[in-house]
Amino acid sequence: TADPITGTPLASVWTAPADMPTGGRILDTPIPGTESGFSARNAKVYLPPAYFAARRPLLPVLVLLAGQPGAPDDWLTGGRLVQTMDAYAADHAGLAPVVVVADATGSTIANPLCVDSPLGNVASYLAKDVPAWVNATLQVDTDPAHWAIGGLSYGGTCAMQMTTNYPQLYPTFLVLSGQLEPTLGDKQRTLDAAFGGSEAAFEAVNPMNLMATRQYPTSAGAFVVGASDPDYQNSAKQLLAAAQKAGMDVRYAEVPGGHSYETWSAGLKLELDWLCTRLGLTS
């Protein structure tokens with residue numbers, strides 16, 4: 001639309017038109033791996049009610065990732081994405097982030113470790129192809145300060161990898177029950193499959209190693225884990241401490257549940273207010 005509405009916070013300059021839809025819409029769409037060569041399944045894109053206004057506000061973007069095994073659809077079913085985002089939009093005059101649920105595995109059971117490797121160039125897909133497609137196809141806020149990446153389980157691990165390796169693209173993150181580091185279940189197997197057997201190559205992209213050697217003063221994020229998920233609580237607390245030492249503005253929460261969609265859907269709902277303030281939607 002011509003002359004889109006801009007401002008920070010966006011809510012301070014926005015008035016919902018009378019003919020705005022009451023709910024958002026989901027697009028099922030390919031996001032091609034033009035630069036990465038990664039073969040991804042279709043993404044799911046949530047467009048909130050305000051996106052359909054005749055004079056559209058430039059909305060922030062949240063890239064969400066599913067787990068492994070899993071698919072982007074999982075965020076619509078167990079993740080209750082539409083219900084959560086529509087409820088937020090209903091309380092904020094139709095405003096909510098545009099949510100792009102991108103495929104970060106390539107198939108239900110694949111585990112490409114969210115890196116560029118013989119298993120697939122997932123990192124380049126999320127760092128290059130997804131932002132390029134979003135900015136070329138959707139009318140959104142293109143400022144990375146108003147973009148976030150998040151995910152559950154494998155997707156949470158991947159979100160942490162992206163925010164530490166590409167802080168200029170994804171300075172805001174939401175890690176829901178993420179692992180301490182990318183893994184195929186065995187360290188040597190992980191090194192052999194994706195890093196040519198090199199520990200140094202692994203450490204060059206591993207969030208815990210990066211946060212031990214770099215500072216991220218403009219990055220912020222939230223860690224959420226199930227109250228009945230002690231193993232992932234331990235991982236989240238280690239990541240939290242490392243992020244704090246690396247200069248990130250981070251927070252930690254536990255919600256009822258284990259390693260399940262009960263936890264992950266609640267985690268997104270819990271952190272959505274913080275996330276939208278961080279992304280310039282509200283004050």
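Me: Why is Cys276 called buried?

Reply: In this predicted model, Cys276 has a relative accessible area of 0%. Buried means under 20%, so Cys276 is called buried.

Me: What makes Cys114 and Cys158 a disulfide?

Reply: Their sulfur atoms are 1.9 Å apart, S to S. The cut-off is within 2.5 Å, so the pair counts as a disulfide. The structure holds 1 disulfide. The link of Cys114 and Cys158 is right-handed, with 50° about the S-S bond.

Me: Which parts does the pair of Cys114 and Cys158 tie together?

Reply: Cys114 lies in the loop between β4 and β5 (116-117), while Cys158 belongs to helix α3 (residues 154-165), so the parts tied together are 44 residues apart in sequence. Both Cys114 and Cys158 are buried.

Me: Why is strand β2 (residues 43-47) described as largely enclosed by the rest of the structure?

Reply: 5 of the 5 residues of β2 are buried, so the description fits. Ala43, Val45 and Leu47 point one way from the strand, Lys44 and Tyr46 the other way, and all are buried.

Me: How do you know that strand β1 (residues 25-29) pairs with β2?

Reply: There are 5 bridges between β1 and β2, in the antiparallel sense. Pairing takes at least two bridges, so these strands pair. Arg25, for instance, has Leu47 of β2 as its bridge partner.

Me: What makes β2 and strand β4 (residues 98-102) a pair?

Reply: β2 and β4 are joined over 3 bridges, again in the antiparallel sense. At least two are needed, so β2 and β4 pair as well. Val45 stands opposite Val100 in β4.

Note on methods
Residues numbered from 1 in each chain as written. Predicted model: local features only at pLDDT ≥ 70, side-chain atom pairs only at ≥ 80, totals over all residues. Heavy atoms only, no water. Buried < 20%, exposed > 50% of the residue type's maximum accessible area, 1.4 Å probe, protein only. Helix = DSSP H or I, 4+ residues; strand = E, 2+ residues; numbered from the N terminus.
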